[in-house]
Amino acid sequence: MNKFRVAIKNKDGSFRICEVCAIIYRVDGIRVEYTYAVGNTVFVGQVIIDGENAIIEQSTGLTDKNNKEIFEGDICDLGNNYRITIIFKDAGFGWLDFPNSKYARIISFSGHNYLSEVVSKIEVIGNIHDVLS
């Protein structure tokens, strides 16, 4: 089963990451029903996915070394402060290597024997919507 989350832009420009409950395809666009918790209170909402103020991201189905689920858009550390960005491209997951350089390249998860070795080293440290130091 596919699992999704949605990043919703707040008024201050930051993003709130919410769990997707339902995806609704309508004539006026794709709507997402979501939940998020603040303390012990759970909130439910609905938003139209527009790619700027609301961005939907899919789970890879994998977990990092701390058993945290890895989603498209996550920034992960492979050790020694070597960071990668998880992406979904051409119907598959991979990562963007050297994302902030002219040497940027995409590495696909599919077809690599070392996938289990790499995943066991990955640590999710944030996502593309966070400000990382």
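These are my notebook entries on a predicted model, taken up one topic at a time.

**Entry 1: the open sheet**

I began with the strands and found an open sheet of 6 strands, whose order is β4-β3-β2-β1-β5-β6 and whose pairing is antiparallel. I noted β4 (41-48) and β6 as the edge strands, since each of them pairs on one side only. I then looked up the turn between neighbouring strands of this sheet, which comes to 40° on average when direction is ignored. As a reminder to myself, strands of a sheet pair through backbone hydrogen bonds, either parallel or antiparallel.

Within the sheet I looked at one pairing in detail: strand β2 (residues 15-26) and strand β3 (residues 29-38) run antiparallel and are joined by 7 bridges. To fix the register in my mind I picked A22, whose bridge partner in β3 is E33.

I also checked G29, which lies in strand β3 and is partly exposed, with a relative accessible area of 21%. The C-alpha atoms of G29 and I49 are 7.2 Å apart in space, although the two residues are 20 apart in sequence.

**Entry 2: Q58 in β5**

Is Q58 buried or exposed? I found Q58 in strand β5 (residues 54-63), and its relative accessible area is 15%, so I entered Q58 as buried, the cut-off for that word being under 20%. Which residues does Q58 contact once its neighbours within four places in sequence are left aside? The contacts I wrote down are N2, K3, F4, F71, E72, F88 and F93.

**Entry 3: salt bridges**

Side chains of opposite charge can pair when their charged atoms come close. My search of the model gave a count of 5 salt bridges.

I took K3 and E69 to begin with, whose side chains meet in a salt bridge at 3.0 Å, N to O. K3 lies in the segment before β1 (4-9) and E69 in strand β6 (residues 69-71), so this pair ties together parts that are 66 residues apart in sequence. Both partners are partly exposed, K3 with a relative accessible area of 36% and E69 at 24%.

I turned next to D28, which forms a salt bridge with R26, with the closest N and O atoms 3.3 Å apart. The side chain of D28 also meets that of R31 in a salt bridge, at 2.9 Å, N to O. On accessibility, I have D28 as partly exposed, with a relative accessible area of 44%, and R26 as partly exposed at 46%, whereas R31 is buried at 17%.

I closed this entry with R5, E57 and D74, which are linked in a network of salt bridges.

**Entry 4: nonpolar cores**

In soluble globular proteins, nonpolar side chains tend to be buried together. Which residues make up the largest nonpolar core here? I listed 9 residues: I70, C76, I84, I86, F93, W95, V118, I122 and V124. The elements that give two or more residues to this core are β8 (83-89) and β9 (92-97). Apart from this core lies another one, of 8 residues, and I noted C18, V32, Y34 and A54 among them.

I went back to V118 for its contacts, and, not counting residues up to four places away in sequence, V118 touches L78 and W95.

**Entry 5: aromatic rings**

A pair of aromatic rings is described by the distance of the centres and the angle of the planes. By that reckoning I counted 2 aromatic pairs in the model. The rings of Y34 and Y36 have their centres 6.2 Å apart and their planes at 20°, so I entered the pair as stacked. Y36 and F43 form an aromatic pair that is stacked as well, at 5.2 Å centre to centre and with 20° between the planes. Y34, Y36 and F43 therefore went into my notes as one aromatic cluster.

For the accessibility of these rings' residues, I recorded Y34 as buried at 10%, Y36 as partly exposed with a relative accessible area of 22%, and F43 as partly exposed with 34%. Y34 is also one of the residues of the 8-residue core in the previous entry.

Definitions and conventions
Residues numbered from 1 in each chain as written. Predicted model: local features only at pLDDT ≥ 70, side-chain atom pairs only at ≥ 80, totals over all residues. Heavy atoms only, no water. Helix = DSSP H or I, 4+ residues; strand = E, 2+ residues; numbered from the N terminus. Buried < 20%, exposed > 50% of the residue type's maximum accessible area, 1.4 Å probe, protein only. Contact = heavy atoms within 4.5 Å. Salt bridge = Lys/Arg side-chain N within 4 Å of Asp/Glu carboxyl O. Core = buried A, V, L, I, M, F, W, Y, C linked by side-chain atoms within 4.5 Å. Pairing = 2+ DSSP bridges. Axes fitted to C-alpha atoms, helices over the stretch in contact; angles between N-to-C directions. Phe/Tyr/Trp six-rings, centres within 6.5 Å; stacked < 30°, edge-to-face > 60°.
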